[in-house]
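This report describes the fold, the principal pocket and the aromatic contacts of one protein. The sequence and the structure are shown below.

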Amino acid sequence: MNSKSNSSVTEVIQKLESYCSYQERCHTEVQEKLRGFDISTLDKERVIVHLIDTNFLNEERFASLFTISKFHQKKWGKIRIKNELKARRISDFLISKSLKEISMEEYATTFDCLSEKHWEGLSERDSSKKRKKFCDFLLRKGWESNSVYEKLKQLEKPI
């Protein structure tokens with residue numbers, strides 16, 4: 001291997017270490033970033049191995065942080081989180097493991113607060129349109145349909 005090739009691989013490693021340090025990344029994101037560099041496929045594989053060996057790239061850590069942050073910050077349900085992780089080619093095992101980190105109690109409380117707040121915030125006068133907007137919002141966020149429809153029945157009942 002000549003020094004020019006070695007030098008560019010070293011530069012790519014430095015850039016990708018910085019890329020992975022800034023924010024947790026999955027293999028798919030790193031591979032996408034690597035496409036922009038003019039190095040051989042073998043060198044790209046070496047870069048990924050280096051990032052894994054030096055713990056800059058860790059799929060389990062990514063799945064865990066992604067799950068917790070999307071749940072807490074964006075109030076996503078498990079279905080949306082699972083689909084987003086699958087889109088990033090995270091293994092079913094890691095998806096399942098990361099979703100178990102959300103306590104059932106916190107999951108239920110978050111769903112109740114989010115759904116009640118959204119229901120109260122809907123100014124739609126037509127009840128069928130209000131129901132549709134309510135359900136669409138929660139389903140888009142990845143909450144389970146049976147929970148959404150149960151909550152809808154509960155919120156529609158006059159007190």
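Which element gives the largest share of the lining of the largest pocket? The answer is α4, which contributes seven residues to that lining. The model under discussion is a predicted one.

**The largest pocket**

The volume of the largest pocket is about 160 Å³. Its walls are formed by Gln23, Glu24, Glu29, Phe62, Leu65, Phe66, Ser69, Lys70, Gln73, Lys74 and Arg88. Sorted by class, five of these lining residues are charged, while three are polar and three are nonpolar.

**Overall fold**

The protein contains nine helices and zero strands, and its pattern along the sequence reads α-α-α-α-α-α-α-α-α. For 159 residues the globule rule gives 15 Å, whereas the radius of gyration of the protein is 22 Å, well over that value; the protein is therefore more spread out than a compact globule. The C-alpha trace spans about 75 × 30 × 20 Å along the principal axes. Of the 159 residues, 38% are buried.

**Aromatic contacts**

Seven aromatic pairs are present in the structure. In one of them, Phe71 and Trp143 have ring centres 6.5 Å apart and ring planes at 55 degrees; the pair counts as tilted because this angle is neither under 30 degrees nor over 60. Phe71 belongs to helix α4 (residues 59-74), whereas Trp143 is found in the loop between α8 (127-140) and α9 (145-156), so the pair ties together parts that are 72 residues apart in sequence. Phe71 and Trp143 are both buried. These two residues also join Tyr107 and Phe111 in one aromatic cluster. Helix α4 thus appears in two settings: it holds Phe71 of the tilted pair, and it supplies seven residues to the lining of the largest pocket.

**Charges over rings**

Two tryptophan rings have a basic side chain placed over them, as the following table sets out.

| Charged residue | Ring | Distance from ring centre |
|---|---|---|
| Arg80 | Trp76 | 4.0 Å |
| Lys130 | Trp119 | 4.3 Å |

In the case of Arg80, the charged end of the side chain sits over the ring of Trp76. Lys130, in turn, lies over the face of Trp119.

Conventions
Residues are numbered from 1 along each chain as its sequence is written. This is a predicted model: local features need pLDDT of at least 70, side-chain atom pairs count only at pLDDT 80 or more; totals for chains, interfaces and linings use all residues. Side-chain values use heavy atoms; hydrogens and water are left out. Rings of Phe, Tyr and Trp (its six-membered ring) pair if their centres lie within 6.5 Å; planes under 30 degrees apart count as stacked, over 60 as edge-to-face and the rest as tilted. Helices (H or I, at least four residues) and strands (E, at least two) are DSSP runs, numbered from the N terminus. Buried means under 20% relative accessible area, exposed over 50%, partly exposed in between (1.4 Å probe, protein chains only). A charge sits over a ring if NZ of Lys or CZ of Arg is within 6 Å of the ring centre and within 35 degrees of the ring normal. On a 1 Å grid over the protein atoms alone, a cavity is a set of points where a 1.4 Å probe fits but cannot get out, and a pocket is an open set with protein on both sides within 12 Å along at least five of seven lines; lining residues have an atom within 4 Å of a point. Grid points are joined across faces, edges and corners, and a volume is the space filled by probe spheres set on the points. Ala, Val, Leu, Ile, Met, Phe, Trp, Tyr, Cys and Pro count as nonpolar, Asp, Glu, Lys and Arg as charged, and the others, Gly among them, as polar. The radius of gyration is taken over C-alpha atoms; the globule rule is 2.2 Å times the number of residues to the power 0.38.
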